[in-house]
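Me: I've got a model open here and I'd like to talk it through with you. Can you take my questions as they come?

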Amino acid sequence: MISRRALELATAVLTGGFGVSVVVSSLDNGIGWSSAGVDAGTFPFLTGIIIVLGSLYNLVRGVLPVASLANVPIAITPIELRRLAGLFVPAAIFVAAIPLAGMYVASSLYVFAVLAIPRHQSVPRALAMAAATALALYVVFERMFQVSLPHGALAAALGF
């Protein structure tokens, strides 16, 4: 299905892109020394450089034909890919729903979906856990830490 080499190359490119974005954004914050000490972007810049170097190393190892795990013909079978999608797809939908529904509603729907739809828990129990998740998020962040989580477009439309 997916070869180990393709997986390693894709991972190296993705992590390299992340490292480059860290380097570029740290340049905006300033690197080096100022009268106050080390500028804010210095340590993220160094971290980004380390990520880019590690990604380049992995990219070269994935491209060169050596006797390694990169030569394994299939790294992910269709069954494993289905299990991976079962984890990734709900998480991606959850992240996409946060700006629309808000953190509390989105997290409740996510917990309910991952518990009730694959039948890991009964529907009443999944509903209880979803409500408890939203309540715990509200109490911990809004009340204890006094940090407002995203309420989303739904709350804005309803006037909350």
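What follows is a run of questions and replies about this predicted model.

Me: Which domains does the domain assignment give, and how far apart do the C-alpha centres of domain 1 and domain 2 lie?

Reply: The assignment splits the protein into domain 1, residues 2-76, and domain 2, residues 78-158. Taking the C-alpha centre of each, the separation between domain 1 and domain 2 comes to 31 Å.

Me: Are H1 and H2 roughly parallel or roughly antiparallel?

Reply: Helix H1 runs over residues 4-29 and helix H2 over residues 42-63, and their axes come within 8 Å. The crossing angle is roughly 160°. The cut-off for roughly antiparallel is over 145 degrees. So H1 against H2 counts as roughly antiparallel.

Me: And the crossing of H1 and H2, is that left-handed or right-handed, and how many nonpolar residues are in the contact?

Reply: The crossing of H1 and H2 is left-handed. Sorted by class, the H1 contact with H2 holds two charged residues, eight polar ones and, for the class you asked about, 15 nonpolar.

Me: How do H3 and H4 cross, left-handed or right-handed?

Reply: Helix H3 covers residues 78-101, and its axis comes within 7 Å of the H4 axis, with a crossing at roughly 155°. H3 and H4 are therefore roughly antiparallel to each other. As for the hand of the H3 and H4 crossing, it's right-handed.

Me: Which residues does the UniProt annotation "transmembrane region" cover, and what is the helix percentage of residues 123-141?

Reply: The UniProt record, an unreviewed entry, puts that label on residues 43-64, 84-117 and 123-141. In the model, residues 43-64 are 95% helix and 0% strand, with end C-alpha atoms 32 Å apart. For residues 123-141 the end C-alpha atoms lie 27 Å apart, strand is 0%, and helix is 100%.

Me: Where is Arg 119, and is this residue buried or exposed?

Reply: Arg 119 sits in the loop between helix H4 (103-116) and helix H5 (123-144). Its phi is near 65°, which is positive even though the residue isn't glycine. The relative accessible area of Arg 119 is 74%, and the cut-off for exposed is over 50%. So Arg 119 is exposed.

Me: What about Gln 146: what is its phi, and is it buried or exposed?

Reply: You'll find Gln 146 in the loop between H5 and helix H6 (152-158). Gln 146 is another residue other than glycine with a positive phi, near 55°. Its relative accessibility is 67%, so Gln 146 counts as exposed.

Me: How far apart in space are Ala 156 and Leu 100, C-alpha to C-alpha?

Reply: Ala 156 is found in helix H6, and at 60% relative accessibility it counts as exposed. In sequence, Ala 156 and Leu 100 are 56 residues apart. In space, C-alpha to C-alpha, Ala 156 and Leu 100 are separated by 9.6 Å.

Me: And how far apart in space are Ala 96 and Leu 27?

Reply: Ala 96 lies in helix H3. With a relative accessibility of 49%, Ala 96 counts as partly exposed. Ala 96 and Leu 27 are 69 residues apart in sequence, and the C-alpha to C-alpha distance in space is 29 Å.

Methods
Residues numbered from 1 in each chain as written. Predicted model: local features only at pLDDT ≥ 70, side-chain atom pairs only at ≥ 80, totals over all residues. Heavy atoms only, no water. UniProt positions renumbered as here; feature names shortened; annotations may be inferred. Helix = DSSP H or I, 4+ residues; strand = E, 2+ residues; numbered from the N terminus. Axes fitted to C-alpha atoms, helices over the stretch in contact; angles between N-to-C directions. Parallel < 35°, antiparallel > 145°, perpendicular 65-115°, else oblique. Left-handed = near helix turned anticlockwise from the far one by under 90°. Nonpolar A, V, L, I, M, F, W, Y, C, P; charged D, E, K, R; others polar. Buried < 20%, exposed > 50% of the residue type's maximum accessible area, 1.4 Å probe, protein only. Domains from an automatic or database assignment.
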